[in-house]
Amino acid sequence: MFSFFAMLSRMKYINRWGLMRNTRPESLSEHSFETAVIAHALALLRCRRFGGCVSPERAATLALFHDAPEIITGDLPTPVKYFSPSIRGEYARVEEAAKEKLLSMLPEDLRGEYAPLLAEGGPEEAELHALLKAADKLSALIKCLQERRAGNLEFLQAEKTLRRSVEDMHLPEVDVFLREFLPAFCLTLDELEGEQSGEKRERER
């Protein structure tokens, strides 16, 4: 019996933003799915609009697994994780041990397939991992926007920091996402449906 997939299913029990007051908890499972959707979109934008040649499917797959070690380590709050170089170094070692632990829960003939999904990635996938990092930050930014939309100012500084961080990446596909897709996350369901209806009417003219 192997417990790898049963352990992955426990991502839904790990909550993010542990030090912050949330109007609605966000699980690691939710974040991983949203990051995968965004990573797929960023890779697609790179290929369709900016002459790139990366795999949106690979980007989405890497994103699904990018926080898997936190099933074992938990989501260490950012202020703690980056408090000092020594703490960051120790946490990196704990993450590596968690990855090895997860891989040990697979049959031996599958470990080689999943190991790259849990790794930082080599030079051959540097482009994808840059998009994944951007998607990760965009997902966090969306969480901040939605908390502020709900009247929670706890996330206000995090929103400013994350927005500056993604803008400073100077990735054209990220700029497109910020401009064309991010504003919709501040809308209500009625507004979202009305926005789409308005766009449809505009196209039909």
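Accessible areas here come from the Shrake-Rupley method with a 1.4 Å probe. By that method, the protein chain of this predicted model exposes about 12000 Å². Carbon and sulfur atoms supply 56% of that area.

**View 1. The whole chain is built from helices.**
The protein chain has eleven helices and zero strands. Read along the sequence, the pattern is α-α-α-α-α-α-α-α-α-α-α. The C-alpha atoms fill a box of roughly 60 × 40 × 35 Å, taken along the principal axes. The radius of gyration is 18 Å, which agrees with the value near 17 Å for a compact globule of 205 residues. Buried residues make up 37% of the 205 residues. Take the contacts between residues at least 6 apart in sequence: 68% of them join residues at least 24 apart. The chain carries 28 positive and 34 negative charges. The mean positions of these two sets are 3 Å apart.

**View 2. The largest nonpolar core draws on many helices.**
This core holds 46 residues. Which of them touch the most other members? They are F4, L42, L138 and V174. Elements that give two or more residues to the core include helix 1 (4-8), helix 2 (28-49), helix 3 (56-65) and helix 6 (85-103). Helix 7 (108-118), helix 8 (126-149), helix 9 (156-167) and helix 10 (172-181) also give two or more. Helix 8 gives the most, with eleven residues.

**View 3. F4 and its distant contacts.**
F4 is one of the core residues that touch the most other members. Set aside its neighbours within four places in sequence. F4 is then in contact with F65, L102, M105, L106 and Y114. One of these partners, F65, is a buried residue of helix 3.

**View 4. The buried side of helix 3.**
In helix 3, P56, A59, A60, L62, A63 and F65 are buried. An α-helix has 3.6 residues a turn, so residues three or four places apart point the same way. What do the buried residues of helix 3 pack against? They pack against helix 1, helix 2, helix 7 and helix 8.

**View 5. R16 in the loop between helix 1 and helix 2.**
R16 sits in the loop that joins helix 1 to helix 2. Is R16 buried or exposed? Its relative accessible area is 11%. The cut-off for buried is under 20%, so R16 is buried. Residues up to four places away in sequence are not counted in what follows. R16 touches E26, S27, L28, H31, D67, D75 and A140.

**View 6. W17, with a positive phi.**
W17 is found in the loop between helix 1 and helix 2. Phi of W17 is near 60°, a positive value in a residue other than glycine. W17 is buried, with a relative accessible area of 15%. Its contacts include N22 and A140.

**View 7. N22 and a partner far along the sequence.**
N22 also lies in the loop between helix 1 and helix 2. At 23% relative accessibility, N22 counts as partly exposed. How far apart are N22 and E147 in space? Their C-alpha atoms are 7.1 Å apart, although 125 residues separate them in sequence. N22 is in contact with W17, K143, E147, N152 and F155, leaving aside its neighbours within four places in sequence.

**View 8. A140 on helix 8.**
A140 is found in helix 8. At 7% relative accessibility, A140 counts as buried. It touches R16, W17 and L162, not counting residues up to four places away in sequence. Both R16 and W17 belong to the loop between helix 1 and helix 2. A140 and E70 are 70 residues apart in sequence. Their C-alpha atoms are 16 Å apart in space.

**View 9. H170 in the loop between helix 9 and helix 10.**
H170 is found in the loop between helix 9 and helix 10. Phi of H170 is near 55°, a positive value in a residue other than glycine. H170 is exposed, with a relative accessible area of 62%.

**View 10. E108 on helix 7.**
E108 lies in helix 7. E108 is exposed, with a relative accessible area of 67%. E108 and L192 are 84 residues apart in sequence. In space, their C-alpha atoms are 47 Å apart.

Methods
Residues numbered from 1 in each chain as written. Predicted model: local features only at pLDDT ≥ 70, side-chain atom pairs only at ≥ 80, totals over all residues. Heavy atoms only, no water. Helix = DSSP H or I, 4+ residues; strand = E, 2+ residues; numbered from the N terminus. Rg over C-alpha atoms; globule rule 2.2 N^0.38 Å. Buried < 20%, exposed > 50% of the residue type's maximum accessible area, 1.4 Å probe, protein only. Contact = heavy atoms within 4.5 Å. Lys, Arg positive; Asp, Glu negative; His and termini not counted. Charge placed at Lys NZ, Arg CZ, Asp CG, Glu CD. Core = buried A, V, L, I, M, F, W, Y, C linked by side-chain atoms within 4.5 Å.
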